[in-house]
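Work through the exercises below with the model open beside you. Try each task before you read its solution.

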Amino acid sequence: MFSVNLSGRVVLVTGAGRGIGRAIAQGFSDSGATVAVNDVDRTTATMTAGILHGDSGVYVADVSDSAAVQGMMNKILADFGRVDMVINNAGVEPRASILDMSDEDWNSAINVNLSAAFYTSRAAGRIMKEQGGGAIVNIASIAGHNIPIALRSGYVASKAGLVGFTRECAREFAAYNIRVNAVCPGVIETEMTAYLRENTAQMAKWLEDIPQKRLGIPEDIVGLVLFLCSDAARYLTGQAINVDGGKVML
Ligand code: NAP
């Protein structure tokens, strides 16, 4: 497993109650960082905090709510005295054709997957600027490269927007020594993709297109996120990097 020393640093991981976010929170904890575990669900967030061994705290907030994000950031700063890294991981994937998609589903994709990253980056960016630096990693998707996926218009639009926001944020925040990158997973085995694994024909089709011939697991995402937050990545900003077994080669 990739190892890096992030002791003394404080990270916020959003949507860390399960799936990729939980694995990322564990990776940071293993690396010595203090982990602020966010989720909209207190039970799952508390379960994640329970498996971490260093300092951590549970911060229940809906990241699509601007005021809630600002309140959460204020609380993390009050509790730990700094915020060095933010991992924008919380996400939703409403599935419907454009003709059938409700306003509510469309707005939830845009608000949770895209606007939340703006809210956290603004709130954390102000703190990091004062501190003299930081790192932000946005968990986008291979869908963020404008790759259409059936019945995911809101998701694809939000993730493409997130890649665009990552670059804009990286450009602006470079002046404050804050690096901003995106990680773009392929299909990872989590609750979000359970529907896919239940559909044998669809699964076979996906696997056919993955050179490594397997789906990813949450732990496959962790090493890159840690690396991007480490000093080893000090000259790396504004990138959107695929972790997908080779499915998309740009
Ligand atoms: P997941 O298993 O569905 O977990 C997502 C977590 O985010 C859940 O704990 C969920 O809480 C939380 N969440 C949802 N809305 C939230 C909100 N408004 N505020 C705070 N927390 C919220 O998903 P995952 O597969 O781990 O995905 C994590 C990220 O990776 C997402 O951004 C996703 O788009 C991205 N991604 C995943 C894949 C994949 O194949 N799995 C591929 C590419 C990109 P609840 O349990 O309460 O809903």
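Helices (H or I, at least four residues) and strands (E, at least two) are DSSP runs, numbered from the N terminus. This is a predicted model: local features need pLDDT of at least 70, side-chain atom pairs count only at pLDDT 80 or more, and totals for chains, interfaces and linings use all residues. Residues are numbered from 1 along each chain as its sequence is written, and side-chain values use heavy atoms, with hydrogens and water left out.

**Exercise 1. The shell around the ligand**

Find which helices and strands each supply at least two residues of the shell around the ligand.

Solution. Start with the rule: a residue is near the ligand if one of its heavy atoms lies within 4 Å of it. The shell holds 29 residues. Asp39, Asn89, Tyr155, Ile188 and Thr190 are the closest. Next, look at the elements. Helix H1 (19–30), strand E2 (34–39) and helix H5 (153–173) each give at least two shell residues. Last, sort by class. Ala, Val, Leu, Ile, Met, Phe, Trp, Tyr, Cys and Pro count as nonpolar, Asp, Glu, Lys and Arg as charged, and the others, Gly among them, as polar. The shell has 14 nonpolar, nine polar and six charged residues.

**Exercise 2. Polar contacts**

Which atom of the ligand lies 2.5 Å from a polar side-chain atom of threonine 190?

Solution. A polar contact here is a pair of N or O atoms within 3.5 Å. For threonine 190, the partner is an oxygen atom of the ligand. Aspartate 62 places a polar side-chain atom 2.8 Å from a ligand nitrogen. Valine 40 uses a backbone N or O atom, 3.4 Å from a nitrogen atom of the ligand. Now check the cover, using accessible areas from the Shrake-Rupley method with a 1.4 Å probe. On its own the ligand has 890 Å² of accessible area, and the protein covers 91% of that.

**Exercise 3. The largest pocket**

Describe the pocket that holds the ligand.

Solution. A pocket is found on a 1 Å grid over the protein atoms alone: it is an open set of points with protein on both sides within 12 Å along at least five of seven lines, and lining residues have an atom within 4 Å of a point. The ligand sits in the largest pocket (more than half of its atoms lie within 2 Å of the grid points). This pocket has a volume of about 1100 Å³. Its lining counts 48 residues, with Gly91, Val92, Glu93, Tyr155 and Met192 nearest the centre. H1 gives the largest share of the lining, three residues. By class, the lining has 24 nonpolar, 14 polar and 10 charged residues.

Key:
A polar contact is a pair of N or O atoms within 3.5 Å; within protein, one must be able to donate a hydrogen and the other to accept it, and residues adjacent in sequence count only if both atoms are side-chain atoms. On a 1 Å grid over the protein atoms alone, a cavity is a set of points where a 1.4 Å probe fits but cannot get out, and a pocket is an open set with protein on both sides within 12 Å along at least five of seven lines; lining residues have an atom within 4 Å of a point. Grid points are joined across faces, edges and corners, and a volume is the space filled by probe spheres set on the points.
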